[in-house]
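I opened the notebook to look up helix packing and empty space in one structure. The entries follow in the order in which I made them.

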Amino acid sequence: MAFHGLPVVSTEKLNSDKIVETPMFQELNNDQRREKVNSDQRFAAWRDAKARAESYRGSLVWQEVKGEQYLVRSHYDASGNRRQKSEGRRSPEMERKKADWERARVEAKDRFKSMREVMIRQAAINRAVKLGRVPLVGARIIRSLDEAGLLGNGIRIVGTNAIYAYEAVAGVMVDPDITTTLDIDLLLDARVSLRMVASEDVPERALIELLRKVDKTFERASQTFRAVNSEGYLVDLIKPQRNPPWQNERVQIGDAEDELAAVPINGLVWLENAPPFEAIAIDEKGAPVRIVTSDPRVFAAHKLWMSRQSDRDPTKRRRDTAQASAVAKIVSRYLQYLPFDSSDMRMLPRDVFEVAKPLFDGDEGENA
């Protein structure tokens, strides 16, 4: 990808005699900034229109009961159960109510259709100015979680894909060498009571079925916390390692026979306890995608801690270091309302906090 705007570099010491500068991220140019703002505003309007149109799902009809007609509202709740409610006996007032409801329903559907066309045009513009970032499969999975009511309500996006949220808020693009990924990590917060919104497209309320809605080739792997599609894209369901480790808590979202079971991993409790961080990123085809992840300060500290684990693959450790450094620089330069101080970072162990603190002290690229 061609970078535009002001480069931010990191100095990397290759040996005792030579230091090289490597680009970490680039600021958006003027055209990109303008269209990112336009995209965010139109996406917010689209979401409002979608919510309003969905509020008119179901029907409002006359039903006869013991010789009397009643206005009855029928709809399906979040659990997929059909609900009916009588609005009252037929009268001029009830007839006006039915007419007003039907008129408002048509207006809401028309508004949503109009905003959908606006978003299609905006996506084309976003592609033209090269704003697309989030890999398409990952973006579709995140949207599916959002539509099911799980995103930010029991599930957070962590790992490499979280960087797209941080860069979107900062108005930069991180070097693809740091962000390119063929997997997505979903952090399960077992403390939250999960309720997946029912959908006609998902026959069973389970994560594996949501994934199959995105791509029918997704199957649970031999590692039961992982799903993989026909192109090798991986989805991992992960959760914090508890103390004691045998603590009884939720490991699955649904009850499907081949549902994913979250694997406990040490250190994730910091991301679980971190403040949520929400952003609107842009996928590879130019469409906005809402991402809910964990605070970028905790992300950077966690990545740096991972890079120092002796049992971690050396290649992954170097990538962890690069990601920690890039996100810390985004925070210190662009997200200065998020200081790296002990009062905000109480979820981190003291030694993890102290080791990460130098990442946020100053900006090596400032004077490069």
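How many nonpolar, polar and charged residues does the lining of the second largest pocket have, by class? I counted 13 nonpolar, nine polar and eleven charged residues there. The model is a predicted one, and I kept that in mind for every entry.

**Entry 1. The second largest pocket**

I looked up the volume, and the second largest pocket holds about 900 Å³. I found 33 residues in its lining. Nearest the centre of this pocket I noted Asp185, Lys303, Met306, Arg312 and Lys316.

Next I asked which elements supply the lining. At least two residues each come from β8 (183–188), β11 (234–240), β12 (263–265), α7 (268–273), α8 (296–307) and α9 (314–334). The largest share belongs to α8, with five residues.

**Entry 2. α8 against α9**

Since α8 and α9 both appear in that list, I looked at how they pack. General note to self: a pair of packed helices is described by the angle between the axes and by the distance between them.

For α8 and α9, the axes come within 8 Å and cross at roughly 155 degrees. An angle over 145 degrees counts as roughly antiparallel, so α8 is roughly antiparallel to α9. I recorded the crossing of α8 and α9 as left-handed.

On the α8 side of the contact I listed Pro296, Arg297, Phe299, Ala300, Lys303, Leu304, Met306 and Ser307. On the α9 side they meet Arg317, Asp320, Thr321, Gln323, Ala324, Val327, Ala328 and Val331. By class, I have nine nonpolar, three polar and four charged residues in this contact. Lys303 and Met306 are in this contact, and I had already written both down among the residues nearest the centre of the second largest pocket.

**Entry 3. α4 against α9**

I then checked α9 against α4 (163–170). These two helices pack at an angle of about 25 degrees, and their axes are 10 Å apart. Angles under 35 degrees count as roughly parallel, so α4 is roughly parallel to α9. The crossing of α4 and α9 is left-handed.

From α4, the contact uses Ile163, Tyr166, Glu167 and Ala170. From α9, it uses Gln323, Val327, Ile330 and Tyr334. I sorted these residues into six nonpolar, one polar and one charged. Gln323 and Val327 of α9 are in this contact, and they also meet α8.

**Entry 4. The cavity**

General note: a probe the size of a water molecule, rolled over the atoms, shows where empty space is left.

I found one cavity of 30 Å³ or more. The space in the largest cavity is about 110 Å³. What lines the largest cavity? I wrote down Leu28, Lys36, Leu131, Arg133, Tyr164, Glu167, Ala168, Gly171, Val172, Met173, Ala281 and Ile282.

By element, α4, β7 (172–174) and β13 (276–282) each give at least two residues to this lining. The largest share, three residues, is from α4. By class, the lining has eight nonpolar, one polar and three charged residues. Glu167 lines the cavity and also takes part in the contact of α4 with α9.

**Entry 5. α1 against α2**

Last, I looked up helix α1 (residues 30–54) and helix α2 (residues 92–128). Their axes come within 8 Å and cross at roughly 155 degrees. It follows that α1 and α2 are roughly antiparallel to each other. I noted a left-handed crossing for this pair.

From α1, the residues in contact include Phe43, Trp46 and Ala49. From α2, they include Phe112, Met115 and Met119. In full, the contact of α1 with α2 divides into twelve nonpolar, four polar and seven charged residues.

Definitions and conventions. Residues numbered from 1 in each chain as written. Predicted model: local features only at pLDDT ≥ 70, side-chain atom pairs only at ≥ 80, totals over all residues. Heavy atoms only, no water. Axes fitted to C-alpha atoms, helices over the stretch in contact; angles between N-to-C directions. Helix = DSSP H or I, 4+ residues; strand = E, 2+ residues; numbered from the N terminus. Parallel < 35°, antiparallel > 145°, perpendicular 65-115°, else oblique. Left-handed = near helix turned anticlockwise from the far one by under 90°. Contact = heavy atoms within 4.5 Å. Nonpolar A, V, L, I, M, F, W, Y, C, P; charged D, E, K, R; others polar. 1 Å grid on protein atoms, 1.4 Å probe; cavity = no way out; pocket = protein on both sides within 12 Å on 5 of 7 lines; lining within 4 Å. Points joined across faces, edges and corners; volume = space filled by probe spheres on them.
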